[in-house]
Amino acid sequence: MSGDHLHNDPQIEAGFRVNDSHKHKKDKEHRHKEHKKDKDREKSKHNNSEHKEHSEKKHKDKHKDVEKHGEKHREKDGEKHRDGLKHTLKITRDKDSEKHKDGEKHREKDGEKHKDGEKHKDKHRDKDREKRKEEKLKSSSGSVKVKKENGFSSPVRVKDEPEDGFTISPTAHNKAMKRPRDDDDDYKPKKIKSEGEKKGKKRKQEEEEEDIKPKKNKTKDKGHVGEVKKKKGKKEEEEKWKWWEEERHADGVKWKFLEHKGPVFAPAYEPLPDNVKFYYDGKVVKLTPKAEEVATFFAQMLEHEYTTKDIFRKNFFKDWKKEMSADEKNMITNLSKCDFTEMAKYFKAQSEARKAMTKEEKQKIKEENEKTLQEYGFCVMDNHRQRIANFRIEPPGLFRGRGDHPKMGKLKRRIMPENIIINCSKDSKIPTPPAGHKWKEVRHDSKVTWLVSWTENIQGSIKYIMLNPSSRIKGEKDWQKYETARRLKMCVDKIRNTYREDWKSKEMKVRQRAVALYFIDKLALRAGNEKEEGETADTVGCCSLRVEHIKLYPEIDGQEFVVEFDFLGKDSIRYYNKVPVEKRVFKNLQLFMENKQPEDDLFDRLNTSILNKHLQDLMEGLTAKVFRTYNASITLQQQLKELTNADDNVPAKILSYNRANRAVAILCNHQRAPPKTFEKSMMNLQTKIDAKKDQLMDAKRELKSAKADAKVRRDEKTKKLLESKKKAVQRIEEQLMKLEVQATDREENKQIALGTSKLNYLDPRISVAWSKKFGIPIEKIYNKTQREKFAWAIDMADDDYEF
């Protein structure tokens with residue numbers, strides 16, 4: 001309903017006319033009283049609540065009187081109360097417009113009255129505006145109860161409802177509802193808000209926006225990317241599987257669920273361009289694809305020393321002929337007449353082209369490799385995504401081997417899906433073989449850790465695709481290995497006493513076993529496996545030592561009972577060592593060598609099977625490798641205690657760590673050939689050291705000059721300059737020391753491979769504890785890959801860990 005209903009009601013119109021002058025007088029008196037009360041409120045704020053209660057009570061009483069007098073007097077009584085705590089602009093305007101309409105109708109009759117009414121209305125508006133401003137200032141200063149009394153900002157509650165059959169106009173309805181709209185939270189009485197209310201709310205919104213905006217800006221200033229990275233870093237940390245905190249599978253079970261995509265096979269052979277020729281005896285020969293592919297393997301190694309070795313050339317030519325057609329076999333009979341020069345040049349040009357690729361081309365290849373990695377480089381094991389180590393099948397090529405391997409140069413054939421055995425769980429999705437092929441076999445063996453296996457054709461050994469070193473399977477294996485070595489620590493003295501007693505045994509077999517165990521313990525020698533002659537390189541271990549591999553010296557270089565070892569160990573690495581031994585060991589070796597030829601076995605009544613069985617009797621899980629692990633770890637721990645100085649700086653402490661690691665590498669015979677770029681890198685490093693020394697001399701001269709100035713001037717500026725010069729000298733000295741330490745470290749590690757012992761024989765918890773104890777960042781000891789591998793050790797080891 002609109003306000004027309006109220007205007008057309010004759011009774012209400014009459015009431016307005018009769019009571020108009022009386023109403024204004026009453027309004028003035030009422031406003032005067034209210035004005036005094038407002039002043040009282042400003043003087044004492046604590047009286048606010050009492051005044052509000054009084055106003056509210058008065059308002060309710062008058063409202064009841066209006067209901068008694070009937071509907072005609074509702075509007076009139078409402079006019080009397082519009083000077084309450086808050087009256088809206090719309091109500092005033094509605095009433096003024098109604099009065100104006102009355103004046104229009106009765107202009108002829110009551111012209112003078114109308115003029116007086118208009119003047120009165122103007123005064124009324126001015127006073128009403130002042131009143132609203134005062135009320136708004138009070139409400140903005142913050143009394144919650146004032147806001148509730150006005151009926152518009154309060155929590156919504158319908159207090160009065162219209163009687164049945166009575167239709168209320170919007171104006172009358174607004175007056176009747178003192179705490180309206182409790183059931184309508186979305187209602188916003190925009191039309192009946194005064195300018196003061198709007199401005200106040202706008203200011204409040206602006207203040208709230210200002211409170212929020214600076215926070216956003218701060219985040220941007222700090223670097224939104226950095227925040228995202230931190231969140232990603234935290235997410236990655238949360239996603240890391242702390243398998244070492246879970247219970248291990250029982251009964252040798254390695255996993256309960258395993259799913260993967262299978263291996264990635266080597267790309268198919270692409271024939272050479274027609275302009276790349278192969279010559280035999282000076283004539284161009286077009287080879288069949290199979291023969292050409294094998295020829296390219298030799299061409300790619302043409303500049304390598306392998307192709308000059310007779311055994312390599314002989315094995316290659318023999319296997320190459322197997323891939324030739326009948327015509328090619330009859331034509332090509334001598335490798336020396338073959339000319340692979342153009343092929344070699346082509347592959348060299350290909351290599352140079354790859355190096356000269358643009359950044360965009362390299363990025364494209366990188367993205368393709370990453371896509372392949374994400375698809376094939378991960379498996380799901382027990383509901384966790386685990387990285388696979390080597391998901392690509394090795395491409396065909398020529399076998400090289402280490403040292404003078406008797407099978408070098410033989411053809412490593414292409415591995416096909418028909419050679420592959422897949423291992424996964426029964427309830428997993430079995431990998432799909434390439435189109436037109438099938439797998440050799442699909443197994444569901446949860447007691448093994450490999451995903452894919454095949455047998456290679458050179459030595460008949462089984463090759464595997466395994467999980468990454470950072471996976472649970474590998475981590476558990478490492479952890480178990482070091483825990484077994486720690487168990488050996490508890491009984492090693494007993495074992496040593498046992499083999500010392502066995503040196504005196506009447507049985508030759510027992511004596512030989514005891515001396516071999518002494519070498520394994522003291523020298524960290526490998527046990528040495530039995531192998532067929534001619535099938536592998538001539539490498540030996542402790543049990544397979546021959547008489548020719550040792551020499552005995554009753555006295556040499558001021559030492560008694562010295563044994564000289566000289567043989568090829570694992571990977572054809574030479575083991576050479578002169579070591580003094582106990583007298584009884586020396587006598588037993590003399591006994592073992594009696595009446596034997598140089599090629600005869602030193603321990604002719606011992607092999608690895610006998611030795612390993614004896615080790616199992618001494619301690620469950622004990623092997624020659626456990627002895628190596630124990631001796632390596634205990635040596636590192638002892639060396640770190642001896643070499644580390646708590647007062648040293650970080651570079652000096654790292655040098656101490658590397659020296660301790662070096663002692664272990666020497667014990668385990670972890671040698672390497674000096675890098676090809678070693679001399680060049682050392683020259684570059686020495687140049688840096690010389691430049692830093694010159695810089696230090698200049699800085700010291702400047703410091704001396706600054707000291708002289710400081711004695712003369714004695715002002716604040718000179719003091720600051722002197723301090724900066726002192727700091728500069730100190731900084732350059734630290735940089736020089738760091739470079740010198742680096743040079744020493746490189747020189748000492750020239751022929752020592754620290755990585756092998758660090759990753760395979762040293763309990764990582766020793767290194768983690770040391771780094772925590774001396775405040776060395778773990779990143780200085782282990783790189784990212786190594787930290788992932790040893791995540792279990794980094795998490796569980798404290799600074800007081802003892803092996």
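Trainee: What makes E10, E9, E11 and E12 an open sheet, and how are the strands paired?

Mentor: In this predicted model, the four strands line up in the order E10-E9-E11-E12, with mixed pairing. Strand E10 (441-443) and strand E12 (462-465) are at the edges with a single partner strand each, so one side of each has no neighbour in the sheet. On average, neighbouring strands here are turned by 20° against each other, direction ignored.

Trainee: How do you know that strand E9 and strand E11 really count as a pair?

Mentor: Two strands pair if at least two bridges are found between them. Strand E9 (residues 421-423) and strand E11 (residues 452-455) are joined over two bridges, in the antiparallel sense. Two bridges meet that cut-off, so the strands count as paired. Within this pair, Ile 422 stands opposite Val 452 in E11.

Trainee: Let's move on to Tyr 761. Why is Tyr 761 called buried?

Mentor: Buried means under 20% relative accessible area. Tyr 761 has a relative accessible area of 7%, so it is buried.

Trainee: Where in the chain does Tyr 761 lie, and what does UniProt list it for?

Mentor: Tyr 761 lies in the loop between helix H24 (754-760) and helix H25 (764-773). An unreviewed UniProt entry lists Tyr 761 under "active site".

Trainee: Which residues does Tyr 761 touch, leaving out those up to four places away in sequence?

Mentor: Among them are Tyr 482, Arg 526, Lys 625, Arg 628, His 670 and Thr 756. Thr 629, Ala 632 and Ser 633 are touched by Tyr 761 too.

Trainee: What makes the link between the side chains of Tyr 761 and Arg 628 a polar contact?

Mentor: A polar contact needs a pair of N or O atoms within 3.5 Å, one able to donate a hydrogen and the other to accept it. The contact between these two side chains is at 3.4 Å, so its distance is within the cut-off.

Trainee: What does UniProt list as "coiled-coil region"?

Mentor: The unreviewed entry gives residues 348-375 and 682-749. Over residues 348-375, the model is 89% helix and 0% strand, and the end C-alpha atoms are 32 Å apart.

Trainee: How many helices and strands does the protein have, and what share of its residues is buried?

Mentor: There are 27 helices and 15 strands. Of the 803 residues, 39% are buried, which means that this share has under 20% relative accessible area. The accessible surface comes to about 49,300 Å², with 48% of it belonging to carbon and sulfur atoms.

Definitions and conventions
Residues are numbered from 1 along each chain as its sequence is written. This is a predicted model: local features need pLDDT of at least 70, side-chain atom pairs count only at pLDDT 80 or more; totals for chains, interfaces and linings use all residues. Side-chain values use heavy atoms; hydrogens and water are left out. UniProt positions are given in the numbering used here, feature names are shortened, and annotations may be inferred rather than shown by experiment. Buried means under 20% relative accessible area, exposed over 50%, partly exposed in between (1.4 Å probe, protein chains only). Contact means heavy atoms within 4.5 Å. Accessible areas come from the Shrake-Rupley method with a 1.4 Å probe; for residues, only the protein chains shown count as cover. Axes are lines fitted to C-alpha atoms, for helices over the stretch in contact, and angles run from 0 to 180 degrees between N-to-C directions.
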